[in-house]
Amino acid sequence: MALSRSLGASVRNMRRDSRFIFTGSVQGVASSTLSLLSASPRTAVVHVDHIHYAPGDLQDQVDQSVTLLFADEFTATPNQRWVFFTTPILFGETMAAREVGRIEVPDDLEALHEMIARVTAEMREEDVRAHVESTDAIVRGRVVSVRSVSAATALSVSEHDPDWWAALVQVIRSIKGDLEGEIEVRYPNSHDIRWHRAPKLREGQEGIFMLHLDGEEVGGVVLSLIHPDDFLAGDENEEASIGQFV
Amino acid sequence: MEKRRVRVVNMIPKSVSSETNQDSEPQLTVDPENHRTIIGTSFTPPPGGGSLAPLFVSVDGGDTWTLDLVIPGAGGVTGDTNDQSVRFGGASSLYAGILRGDNVKLDILRSAPYSPAAVMTPLVQDPTPVIDQPYLAVAQSKGKDRVFVGNNDRSSGPWRGSVEHSADARTAPAPAGFTQYGLDQRLPFFRELPPIRCAPHHDGTVYAGYLSVRKFEATDSLVDVVVARDDNFAAGATPFTALLDPGDLLPGMRVVKSTPTPWTFPFSFLGNQRVGSNVSIAVDPANSDVVYIAWSNGPVSGVTQSLRVRRSTDRGLTWSGDLVVVPNATNPALAVTAHGRVGFLYQERVTPSGGAPRWETHVQVTRDAWASPAEDIVAATTPDTPNPPGYTGPHIYDPYIGDYADLQAAGREFYGIFCALNTPDLANFPHGVRFQRNADFSTHQLFDLSGVTPVANSIDPFFVHISWHEEHELEDERGPRFERVRVKGLRYERLEIDELVIDIERK
C-alpha cells in the first residue's frame with residue numbers, strides 16, 4: 001500500500017532536511033542521556049528500532065538509545081513508536097539529534113522505507129546534476145603521462161599548497177563539450193588536508209574526467225580536476241547517468 | 001606532601017566508536033570561569049556528514065568528551081574544516097578562528113557564552129582565501145575580551161605575519177572591531193612562515209612570536225626568530241612596536257638571527273609528520289617581564305629538526321641561551337602557571353634500539369627554567385604508523401599528527417592536547433589512559449558501537465592533565481565509595497568511647 005499523497009509530500013520534505021531517519025520507541029520522557037543536553041519537556045530518550053536512512057558511520061546506532069530534541073512542545077509517552085526525521089547535534093556516550101519532524105509509524109513500513117530511498121536517490125541525482133552543470137567539459141579518457149607543473153617554492157608555498165601536476169589524457173570520447181585528441185588536465189597532487197580528497201592521477205588510468213576552468217593557468221594547463229568526484233573510474237552505465245544531465 | 005597526578009584521556013566519544021578518521025592537529029582551551037569546562041578541536045569531520053564541524057567538549061574536567069556540532073563551513077570541495085583555533089574569554093565566551101572547509105576562507109567565530117548545540121556566530125568572514133593558520137590568544141581586561149588572531153596573510157603578495165585584533169570581541173556586534181596589523185617592517189622582506197603566535201598578559205603586554213625568512217637554501221630556510229611586543233593590548237596607533245631591536249632599531253627583537261629551520265618545498269618530514277615551521281610563546285601570568293619562546297631548528301648535524309627554548313626576563317630585550325634542546329621533535333607548546341611552573345609539551349620521534357620508530361609525547365615541567373633537570377612526563381609513546389603491522393601505504397593526509405599540539409595553564413595546572421595512534425595498549429601510555437570508545441586493552445583492539453565488530457587503528461586526539469595536590473586532596477577524589485576517618489590533634493585526659501564505627505570501602 002503506497003503512502004498517501006500528503007504523507008508522501010511530508011516525508012519527501014523532511015527527508016531533504018534530515019541526516020538520520022529511524023523508527024524509534026520512546027523510553028524516557030523529558031529525559032536526556034547527555035550532560036551537554038539538559039532534560040526538558042522537549043527532550044526524550046528514544047530507542048532506535050530500525051534505521052530508514054543514515055550515512056555509513058551512523059548505521060551502528062541501531063539498537064542504541066538516542067536523545068531527541070523535539071521540534072515542538074511534544075508530549076511523548078513511554079513506548080510510543082514514531083518515525084523520526086532528525087539531524088545529529090551531539091555525540092557523547094550516546095548520540096543526540098534535533099528533530100526535523102515525525103510521523104506516526106505507517107502500516108506499510110516498507111512503502112515508507114522505499115519512499116525515503118527514492119528521495120535519497122533523487123537527492124544524489126540532483127548532486128550529480130549540479131556537479132555536471134558546474135563542469136566546463138567532460139570526457140572519457142586514459143592517462144598517458146603525468147608531470148609536475150607546480151611553480152611553488154619555499155618562498156610562495158603554504159602547507160595548503162595544491163602542488164599542481166598535469167596529466168596528458170587521450171580522449172576516448174567527449175561527453176560534454178567537444179574535446180578530442182590529447183588534452184592536459186591539472187590536479188592537486190598535494191596530500192594536505194585541503195586537497196587529499198581530490199583525484200590523484202597516474203599513468204594508465206581510464207575513466208571519466210569532469211573538468212573545470214578554474215580561472216588559473218598553471219604550466220600552461222587551464223583545465224583542472226579539484227572535486228573528489230571529478231575523476232570516476234566508471235563504466236558505461238555511470239557514463240550514461242552523467243551524460244543524461246549534459 | 002605534594003603529589004603529581006597525570007591523566008590521559010582518549011577524546012573520541014563512545015557513540016562514534018566506529019570512526020577511523022585521522023583526527024590530527026589539535027588545540028584546546030579551558031574556561032577561566034570554570035576549569036571543568038574544556039573545549040578542544042582537531043581535524044574531525046562531523047559524524048554523519050553535514051555542514052557543521054565538531055568541537056570536543058568536556059564539562060567534567062576532561063574525564064569524558066562530547067562532540068558538539070557547532071562550527072560552520074564543513075563540507076564543500078575539501079570536505080573538512082581546515083586549520084582551527086579556539087580560546088575561551090571571560091564569562092565563558094568562546095572564540096574560534098577557522099579556515100572553512102567549503103571555501104577555505106578565514107572565519108572568526110564567537111559564542112558568548114558558549115552553549116552546546118548553538119552554532120557559533122561569524123564575527124569576521126574574510127572575502128578571499130588569503131589567510132593561513134589562524135591562531136587565537138585572549139586576554140580579559142576591564143570586563144572586555146581582547147582577542148588576538150595570529151595569521152599568515154598573502155593578500156598583499158608574499159606571506160606576511162599579521163595579527164587580527166579586537167578590543168571587545170565579547171559584546172561588540174560583528175565584526176567586533178577586528179583590525180589587522182602587519183608585524184614585520186624589516187627589508188628586504190621575503191616572508192614569514194605559517195605560525196604567528198601571540199601571548200597576551202592581563203596587564204596589557206602582548207608578545208608575538210614568528211619566524212621571518214632571511215634566505216632560502218636547498219635543505220632549509222634561514223630565519224630570524226623574532227619576538228615583538230605591545231604594551232597596551234595593541235590599542236595604540238602603531239601596535240607591536242614597543243620592543244625595538246638595538247641592532248637595527250626596528251620593531252621585533254631578533255632572538256636568533258639567520259638560523260636554519262627545515263622549511264622547504266617539497267616539505268621536510270620527520271617520519272610521517274611534515275615539519276619545518278614551529279613556534280610557541282608563553283608569558284608568565286605573574287610577571288609580564290618573563291616570556292618564553294620555542295621554535296623549530298634544523299637540519300643540524302644530520303638531525304632534521306630540533307626544538308629549542310629560550311627565555312627573557314626583561315620583556316624581550318635580552319634572551320638566554322638554549323634552555324633545552326630536543327632533537328627529532330615537533331609541535332612545541334609552552335605554558336606558564338600562575339605559580340611559575342613552566343610546561344613544555346612536544347612530540348619527539350624516537351627509534352628504540354632494535355625497534356620501530358615511535359612518537360613520544362612529552363611534557364617537561366620546570367620551576368627554575370631548566371636550571372635543574374625538569375620533570376619529564378611521557379604522556380604517550382605510540383608507533384609512527386597509522387596502520388597495522390605490514391601495511392606500507394601512505395597515511396591519509398598531511399599533517400599526520402598535526403602541525404601543532406597545545407598546552408594551556410589554568411591556575412596551577414596544565415591542560416594539554418596531542419594526537420597519536422589510538423591502539424588501546426597500556427604499554428603506550430606510561431601514566432595510564434582512559435578510553436571512552438569501545439576498546440579491549442587485552443587484545444589491543446578497538447570495536448564499533450556494538451562492541452562486536454573490530455575497528456582499524458587511526459589517529460585520535462588525547463587530553464592530558466597534569467596537576468599537583470596535597471596528598472589529602474587526592475584522597476578526596478576517590479569518590480563516594482570511600483569513607484574516611486581522620487583524627488587530627490587528638491588531646492584527652494580521659495577518653496571514653498562507647499561506640500566507634502569505621503566503614504572503609506563499600507563494594
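Me: Ground rule first: two strands pair if DSSP finds at least two bridges between them. With that settled, which residue is the bridge partner of B:D284 in β23(B)?

Reply: B:N287 is the partner of B:D284. Keep in mind that this is a predicted model.

Me: Sure. And over how many bridges do β22(B) and β23(B) pair?

Reply: There are 6 bridges between β22(B) and strand β23 (residues 287-297) of chain B, and the pairing is antiparallel.

Me: What sheet are they part of, and in what order do the strands come?

Reply: An open sheet of 4 strands in chain B, ordered β22-β23-β24-β25, with antiparallel pairing.

Me: Why do β22 and β25 each have one side without a neighbour in the sheet?

Reply: Because β22 (279-284) and β25 (324-327) of chain B are the edge strands, each with a single partner strand. Going from one strand to the next, the twist averages 15°.

Me: OK, switching to chain A. What's the element order from the N terminus?

Reply: The elements go α-β-β-β-β-β-α-β-β-β-β-β-β-α. That's 3 helices and 11 strands for chain A.

Me: How is chain A divided into domains?

Reply: Domain 1 covers 5-127 and domain 2 covers 135-243. Their C-alpha centres are 40 Å apart.

Me: What radius of gyration does chain A have?

Reply: Chain A has 24 Å, whereas a compact globule of 246 residues would be near 18 Å. Along the principal axes, the C-alpha atoms fill a box of roughly 65 × 50 × 25 Å.

Me: What percentage of chain A is buried?

Reply: Buried residues account for 39% of the 246.

Me: And what share of the contacts in chain A join residues at least 24 apart?

Reply: 66%, counted among contacts between residues at least 6 apart in sequence.

Me: Now the contact with chain B. How many residues does each chain put in?

Reply: Chain B contributes 45 residues and chain A contributes 38. On the chain B side, strand β5 (residues 66-72) supplies the largest share, 4 residues. By class, that side of chain B has 22 nonpolar, 14 polar and 9 charged residues.

Me: Back to β5(B): which strand of chain A does β5(B) pair with?

Reply: Strand β4 (residues 81-91) of chain A, in the antiparallel sense, over 2 bridges.

Me: Which residue is the bridge partner of A:L90 there?

Reply: Look at B:D68 in β5(B), which is the partner of A:L90.

Conventions. Residues numbered from 1 in each chain as written. Chains lettered and ligands numbered in written order. Predicted model: local features only at pLDDT ≥ 70, side-chain atom pairs only at ≥ 80, totals over all residues. Domains from an automatic or database assignment. Contact = placed C-beta atoms within 7 Å. Nonpolar A, V, L, I, M, F, W, Y, C, P; charged D, E, K, R; others polar. Rg over C-alpha atoms; globule rule 2.2 N^0.38 Å. Buried ≥ 20, exposed ≤ 12 C-beta atoms within 10 Å, placed from the backbone. Axes fitted to C-alpha atoms, helices over the stretch in contact; angles between N-to-C directions.
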